[in-house]
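Got the viewer open? Let's take a walk through this model together, one selection at a time.

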Amino acid sequence: MVDSMDDYSTIEEIEVNSEFKEVLEAFNEMHEEVQKLVVLNNKLRSDLKWHITKLASTQSELDKLKQENEKLVSSYKATGCVCASTSLNMDYCKSLQDEFEKFKNDHDEESMKL
């Protein structure tokens with residue numbers, strides 16, 4: 001009878017040890033996955049900080065360009081384009097108007113992108 005009780009307790013110990021090993025193995029696997037997620041999370045945070053900085057820089061540049069554009073528009077409106085009657089001056093005036101329109105359109109497109 002004592003032998004059968006010893007056998008039973010040995011079997012219980014083996015089962016407990018086996019279950020403990022399975023739980024420990026599962027825990028270790030989860031711990032490894034958590035470590036990978038921590039590394040990934042840190043990288044993503046770093047990327048996010050870089051993008052925020054880049055966005056602030058781009059926004060600042062856009063604000064400067066808007067101010068420059070407003071000054072150019074005001075200057076253009078204030079001076080107008082009064083050209084002499086020669087075709088050379090008329091062509092020059094037209095090319096300046098075209099450049100201004102192109103600059104204005106490019107600036108508007110950039111504003112729309114952001």
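How many salt bridges does the count come to? Two, and we'll visit both. Keep in mind along the way that you are looking at a predicted model. As background, side chains of opposite charge can pair when their charged atoms come close.

Select Glu33 and Lys36 to see one of these bridges. Here the closest N and O atoms are 3.6 Å apart, and the cut-off for a salt bridge is within 4 Å, so this pair counts. Now look at the backbone that carries them: Glu33 and Lys36 both lie in helix H1, three residues apart, or about one turn of the helix. Is Lys36 buried or exposed? Lys36 has a relative accessible area of 54%, and exposed means over 50%, so Lys36 counts as exposed. Glu33 has a value of 43%, which makes Glu33 partly exposed.

Next, select Asp47 and Lys43. Their side chains meet in a salt bridge too, at 2.9 Å from N to O. This pair also sits in helix H1, but here the spacing is four residues, again about one turn of the helix. Both partners are partly exposed: Lys43 has 48% relative accessibility, and Asp47 has 30%.

Time for some charge without a bridge. Select Glu12, Glu13, Glu15, Glu19, Glu22, Glu25, Glu29 and Glu32. What do they form on the surface? They gather in a patch of negative charge. Click on Glu15, one of the group: Glu15 is found in helix H1 and, at 46% relative accessibility, counts as partly exposed.

Now swap charge for grease-like side chains, and select Phe20, Leu24, Phe27 and Met30. These four form a nonpolar patch on the surface, and together they have about 440 Å² of accessible area. Zoom in on Met30, which has its place in helix H1, a helix that covers residues 2-79. With a relative accessible area of 53%, Met30 is exposed.

For a contrast, select Asn69. Where is Asn69? Asn69 lies in helix H1 as well, but its relative accessibility is 9%. Buried means under 20%, so Asn69 counts as buried. Which residues does Asn69 touch, leaving aside those up to four places away in sequence? Show Phe103 and His107, and you have them.

Finally, zoom out and color the whole protein chain by secondary structure. You should find two helices and zero strands. The chain has 114 residues, and 5% of them count as buried. Switch on the surface view for the last stop: the accessible surface comes to about 10300 Å², with 59% of that belonging to carbon and sulfur atoms.

Conventions. Residues are numbered from 1 along each chain as its sequence is written. This is a predicted model: local features need pLDDT of at least 70, side-chain atom pairs count only at pLDDT 80 or more; totals for chains, interfaces and linings use all residues. Side-chain values use heavy atoms; hydrogens and water are left out. Patches are made of residues with over 30% relative accessible area and no salt bridge: like charges are joined within 9 Å, nonpolar side chains (Val, Leu, Ile, Met, Phe, Trp, Tyr) within 5 Å. Accessible areas come from the Shrake-Rupley method with a 1.4 Å probe; for residues, only the protein chains shown count as cover. Buried means under 20% relative accessible area, exposed over 50%, partly exposed in between (1.4 Å probe, protein chains only). Lys and Arg count as positive and Asp and Glu as negative; His and the chain ends are not counted. The place of a charge is taken as NZ of Lys, CZ of Arg, CG of Asp or CD of Glu. Contact means heavy atoms within 4.5 Å.
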